[in-house]
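Biologist: Thanks for sitting down with me. Could you walk me through the reasoning behind the labels, one at a time?
Modeller: Gladly, let us look together.

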Amino acid sequence: MPHAPQIKIPATYMRGGTSKGVFFRLQDLPEPCQTPGEARDKLLLRVIGSPDPYQKQIDGMGGATSSTSKTVILAEPTQPDHDVDYLFGQVSIDKPFVDWSGNCGNLTAAVGAFAINSGFVAKDRIPENGTCTVRIWQANIKKTIVAHVPITNGEVQETGDFELDGVTFPAAEVQVEFMDPADGEGSMFPTGNLVDDLDVSGVGTLKATMINAGIPTIFVNAEDIGYKGTELQDDINSDPKALARFETIRAHGAVKMGLIQNIEEAANRQHTPKVAFVAKPSDYVSSSGKNIGTGDVDVLVRALSMGKLHHAMMGTAAVAIATASAVPGTLVNLAAGGGGRTHVTFGHPSGTLRVGAEAKEVDGQWTATKAIMSRSARVLMEGWVRVPGNTF
């Protein structure tokens, strides 16, 4: 019986921050996949190697973690005064779906470089030496992001001495600004409260700060669920009961935030919201063996992504952390010592991260104006990915 041969599609494999994914230009995708829908999802699933009941993604480009099961599509800008449209797809590892409900803040650092290399940025805006400002329209969440990409001899500078906890090797620093990161369609705090009592079946009533800035995130106190905030991946990910408990918290929080109608819908919305737990500073040893002292950080944060504790911190969750820390009275702010602040340094499993944020209260409603962080990015491989011709 004859089988369809493989087809090849231009693609670039990039690291951005503590994530990596497969990047495409929209015009390079097969025609049926150039519009949202089943064909596109099937293509991206096959590229990454999902769904995989073994949860290894051996037959694809994914790395079997939430940080590496990612895809990006860049297109000509649909908004004035922007250089490119950025669409992010979080590919489920063991289920046949792609989650389009949120952004990836880490890969945003790579979007600027890919946009320059792919011709989306006008040549007269790229300096011979200096910094190129790339204006990105994040199509998933309809927000503007500005990436400041270093340029040397007219080309993107990727190597450097900027170190990012969670990434093994140093690289060039890319500053990323998330403009007006709060949800533009509703309150930054969807329930109207800085802290809620969240009733969770089988867990109890937890104090929770639920915020939509960067990405919808549910924050709870570490001590309320039996943790210290110093945990590493294995402490959580090796405990199926703990993972199930976090998923239950996430599902109930998602309903409370109005993101889903009932907790059963959470299974088909893995990417958002995130769930995280916070604690006051404490000494611990990071996953790389680095000693983190109480005085090194303002607050400890651990966050889960796609059902597992993240090895570092998602970029969009870092925006949520910084924004919540800037609002007096949230759980993040209280764990960080309370009061007003314009930046926060938090401890995560791989080390520390400093993020700036600006928030203001207008007519009793809090809003975020900007969040800023530094990441790095690098091309790992470029050429073509191949998938069987009958994939879609």
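Biologist: Why is M306 called buried or exposed, whichever it is?
Modeller: Bear in mind that this is a predicted model. M306 has a relative accessible area of 16%, and buried means under 20%, so M306 is called buried.

Biologist: What makes the backbone of M306 worth a remark?
Modeller: M306 is not a glycine, and yet its phi is positive, about 50°. M306 sits in the loop between β16 (299-305) and β17 (308-309).

Biologist: Which other loop residue has a positive phi, and is it buried or exposed?
Modeller: That would be N153, with a phi of about 55° although N153 is not a glycine. The loop that holds N153 runs between β7 (143-152) and β8 (155-156). The relative accessibility of N153 is 55%, and the cut-off for exposed is over 50%, so N153 counts as exposed.

Biologist: How do you know that the peptide bond from S50 to P51 is cis?
Modeller: Its omega is near 0°. P51 belongs to the loop between α1 (38-48) and β3 (70-75). A cis peptide bond also joins T272 and P273, with omega about -5°. P273 is found in the loop between α4 (240-256) and β13 (274-279).

Biologist: Now the domains. How is the chain divided?
Modeller: Domain 1 covers 6-181 + 377-388, and domain 2 covers 196-349. Their C-alpha centres lie 25 Å apart.

Biologist: What makes you say that domain 1 and domain 2 are in contact?
Modeller: Contact requires heavy atoms within 4.5 Å. On that basis, 21 residues of domain 1 are in contact with 23 residues of domain 2. The two domains bury about 1,600 Å² between them, and 53% of that is on carbon and sulfur atoms.

Biologist: Why do D165 and K290 count as a salt bridge?
Modeller: Their side chains meet with N to O at 3.2 Å. The rule asks for a Lys or Arg side-chain nitrogen within 4 Å of an Asp or Glu carboxyl oxygen, so the pair D165 and K290 qualifies. Across the interface of domain 1 and domain 2, the rule finds one salt bridge. It also finds eleven residue pairs in polar contact there.

Biologist: Which element gives the most to the side of domain 1 that touches domain 2?
Modeller: β4 does, with three residues. The residues on that side of domain 1 divide into seven nonpolar, eleven polar and three charged.

Key: Residues are numbered from 1 along each chain as its sequence is written. This is a predicted model: local features need pLDDT of at least 70, side-chain atom pairs count only at pLDDT 80 or more; totals for chains, interfaces and linings use all residues. Side-chain values use heavy atoms; hydrogens and water are left out. Domain bounds come from an automatic or database domain assignment. Buried area is the accessible area (1.4 Å probe) that two parts lose on being put together, summed over both. A polar contact is a pair of N or O atoms within 3.5 Å; within protein, one must be able to donate a hydrogen and the other to accept it, and residues adjacent in sequence count only if both atoms are side-chain atoms. Helices (H or I, at least four residues) and strands (E, at least two) are DSSP runs, numbered from the N terminus. Ala, Val, Leu, Ile, Met, Phe, Trp, Tyr, Cys and Pro count as nonpolar, Asp, Glu, Lys and Arg as charged, and the others, Gly among them, as polar. Buried means under 20% relative accessible area, exposed over 50%, partly exposed in between (1.4 Å probe, protein chains only).
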